[in-house]
Amino acid sequence: MVVTHQQLEELLLSFTDAWLDYPFGEKVAVYKVGRKDAGQNEKMFALIAEDSKPLRVSLKCDPQLSLNLQRKYESVQPGFHLNKKHWITVICSGQLSDDELFDLARLSHRLVTE
């Protein structure tokens, strides 16, 4: 099974202090943590390209894990329009299982909140 935008968004918004923003326009859903009302300490932890087929999500990632995943999976690429050392873009084609993708999303959230 390949994860849907809605399934992934539900997971991302279930994380502590997570909220959705569109700072780059309506084509990129940006998931952040931090003080939304104050506009301070906001940190992105995930971006989803709206209407992408297959779904594309960018996640913060440990640099060494990022390299390992890129070597192992064709669907894991350096972060699109992001710091290529600390971000990956995953094409949700089924190459990674939903559980693996969800684990990467949890890691991304943890990396920006700890």
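Q: What is the volume of the largest cavity in this structure?
A: In this predicted model, the largest cavity has a volume of about 60 Å³. A search of the whole structure turns up one cavity of 30 Å³ or more.

Q: Which residues line the largest cavity, and which elements give two or more residues to that lining?
A: The lining includes Val 2, Val 3, Cys 92, Gly 94, Asp 98 and Leu 101. As for elements, strand E6 (87–91) and helix H3 (98–113) each give two or more residues.

Q: How many residues of each class are in the lining of the largest cavity?
A: Sorted by class, you get seven nonpolar, four polar and one charged.

Q: Why is Cys 92, one of those lining residues, called buried?
A: Buried means under 20% relative accessible area. Cys 92 comes in at 7%, so it counts as buried.

Q: What about Cys 61: buried or exposed?
A: Put its value against that cut-off of 20%. Cys 61 has 2% relative accessibility, so it is buried.

Q: How do you know that Cys 61 has no bond to Cys 92?
A: Look at the sulfurs. A disulfide needs them within 2.5 Å. The sulfur of Cys 61 has its closest cysteine sulfur in Cys 92, 14 Å away, so that is too far for a bond. It works from the other end as well: for Cys 92, the closest cysteine sulfur is in Cys 61, at 14 Å. The disulfide count is zero.

Q: Why is the pair of Phe 15 and Phe 45 called tilted?
A: Start with the distance: ring centres have to lie within 6.5 Å to pair, and these two are 5.9 Å apart. Next, the angle: under 30 degrees would be stacked and over 60 edge-to-face. The planes here are at 50 degrees, so the pair is tilted. The structure holds one aromatic pair.

Q: What makes this pair a link between distant parts of the chain?
A: Phe 15 is in the loop between helix H1 (5–14) and strand E1 (18–21), while Phe 45 is in strand E3 (residues 40–49). They are 30 residues apart.

Q: Is Phe 15 buried or exposed, and what about Phe 45?
A: Phe 15 has 13% relative accessibility, so it counts as buried. Phe 45 has a relative accessible area of 0%, so this ring's residue is buried too.

Q: Where does the charged end of Arg 56 sit?
A: Over the ring of Phe 80, at 5.6 Å from its centre. The distance cut-off is 6 Å, and 5.6 Å fits within that.

Methods: Residues are numbered from 1 along each chain as its sequence is written. This is a predicted model: local features need pLDDT of at least 70, side-chain atom pairs count only at pLDDT 80 or more; totals for chains, interfaces and linings use all residues. Side-chain values use heavy atoms; hydrogens and water are left out. Rings of Phe, Tyr and Trp (its six-membered ring) pair if their centres lie within 6.5 Å; planes under 30 degrees apart count as stacked, over 60 as edge-to-face and the rest as tilted. Helices (H or I, at least four residues) and strands (E, at least two) are DSSP runs, numbered from the N terminus. Buried means under 20% relative accessible area, exposed over 50%, partly exposed in between (1.4 Å probe, protein chains only). A charge sits over a ring if NZ of Lys or CZ of Arg is within 6 Å of the ring centre and within 35 degrees of the ring normal. On a 1 Å grid over the protein atoms alone, a cavity is a set of points where a 1.4 Å probe fits but cannot get out, and a pocket is an open set with protein on both sides within 12 Å along at least five of seven lines; lining residues have an atom within 4 Å of a point. Grid points are joined across faces, edges and corners, and a volume is the space filled by probe spheres set on the points. Ala, Val, Leu, Ile, Met, Phe, Trp, Tyr, Cys and Pro count as nonpolar, Asp, Glu, Lys and Arg as charged, and the others, Gly among them, as polar.
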